[in-house]
Amino acid sequence: MEHTEDKDKEQREQEAMPQEQPIDRQAAGEQAEGPDQEAQAWADGAARAEGAARAEAASPQEEKIRQLEDALLRHRAEFENFRKRTDKEKEQMYAMGAKAIVEKILPVIDNFERGLPPLEEGQAEDAFVDGMRRVYKQLLSELEKAGVKPIEALGADFDPHLHNAVMQVEHGELESGKIAVEMQKGYLYRDSVVRHSMVGVVS
């Protein structure tokens with residue numbers, strides 16, 4: 001009997017004790033993770049702010065670099081144009097100077113061509129005549145190397161850009177407009193006319 005009373009008393013005491021509440025693990029986890037997430041978000045925001053501050057601080061320097069690069073490109077383009085222009089001017093000046101020299105040499109060539117044929121008819125084996133012939137050929141060779149060449153005339157079509165017609169002639173074999181007589185040779189220097197050929201054209 002006493003044993004039963006003791007058992008009932010113990011049961012009443014256990015029921016009177018406060019019951020332990022079950023733990024909500026999900027809520028506890030969220031509560032534990034909350035401060036870490038806030039800290040991470042704050043850190044990310046601070047990093048972005050620092051990066052923006054650095055970009056803002058570097059932007060004037062980058063702008064200066066960009067301006068210097070643009071100026072360099074402009075100066076480089078201007079120099080390239082200047083170089084091309086001066087090269088062209090030097091080439092034109094050289095061509096004009098060379099052309100002027102060739103114009104002065106051509107009368108010498110004319111004298112050789114007028115003087116050699118009569119000498120060769122009677123004194124073809126003479127040492128003096130042979131020497132003159134050699135000088136004439138060497139002169140023509142050097143002029144050809146420099147870009148000077150005679151204009152084609154006899155039998156060619158008359159071209160006012162190359163020939164200067166001083167008379168009209170009759171010819172039984174050549175067609176009208178063909179060159180039948182060449183009174184003075186014309187010459188080109190690098191495809192530019194130094195002297196027009198003086199010719200007679202078939203009427």
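Okay, one definition before we start: a residue counts as exposed when its relative accessible area is over 50%, as buried when that area is under 20%, and as partly exposed in between. Keep in mind, too, that what we're looking at is a predicted model.

Let's use that definition right away on Asp191. Its relative accessibility is 65%, so Asp191 counts as exposed. You'll find Asp191 in the loop between β4 and β5. What is its phi? It's near 70 degrees, which is a positive value in a residue other than glycine. Now look at Arg190, in the loop between β4 and β5 (192-195). Arg190 isn't a glycine either, yet its phi is positive, about 55 degrees. Is Arg190 buried, exposed or partly exposed? With a relative accessible area of 47%, Arg190 is partly exposed. If you're wondering what people usually expect, most residues other than glycine have a negative phi.

Okay, on to the strands around that loop. There are 3 strands in an open sheet, ordered β1-β4-β5, and the pairing is antiparallel. β1 (148-150) and β5 are the edge strands, each pairing on one side only. Going from one strand to the next, the twist averages 35 degrees. Between β1 and β4 there are 3 bridges, and if you zoom in, you'll see Pro150 opposite Tyr187 in β4.

That same Tyr187 shows up again in the largest nonpolar core, which has 12 residues, among them Val148, Tyr187, Tyr189 and Val194. Which elements supply at least two residues each to this core? They are α2 (25-123), α3 (127-145) and β4 (187-189). The top contributor is α2, with 6 residues. As a general point, nonpolar side chains in soluble globular proteins tend to be buried together.

Two more members of that core are Phe112 and Tyr136, and I want to finish on them. How many aromatic pairs are there? The count is 1. That's Phe112 with Tyr136, a tilted pair with 5.7 Å centre to centre and 35 degrees between the planes. Phe112 sits in helix α2 and Tyr136 in helix α3, so the pair ties together parts that are 24 residues apart in sequence. And are these two buried or exposed? Phe112 has 13% relative accessibility, so it counts as buried. Tyr136 is at 15%, so Tyr136 counts as buried as well.

That's my tour, thanks for listening!

Notes
Residues numbered from 1 in each chain as written. Predicted model: local features only at pLDDT ≥ 70, side-chain atom pairs only at ≥ 80, totals over all residues. Heavy atoms only, no water. Core = buried A, V, L, I, M, F, W, Y, C linked by side-chain atoms within 4.5 Å. Buried < 20%, exposed > 50% of the residue type's maximum accessible area, 1.4 Å probe, protein only. Helix = DSSP H or I, 4+ residues; strand = E, 2+ residues; numbered from the N terminus. Pairing = 2+ DSSP bridges. Axes fitted to C-alpha atoms, helices over the stretch in contact; angles between N-to-C directions. Phe/Tyr/Trp six-rings, centres within 6.5 Å; stacked < 30°, edge-to-face > 60°.
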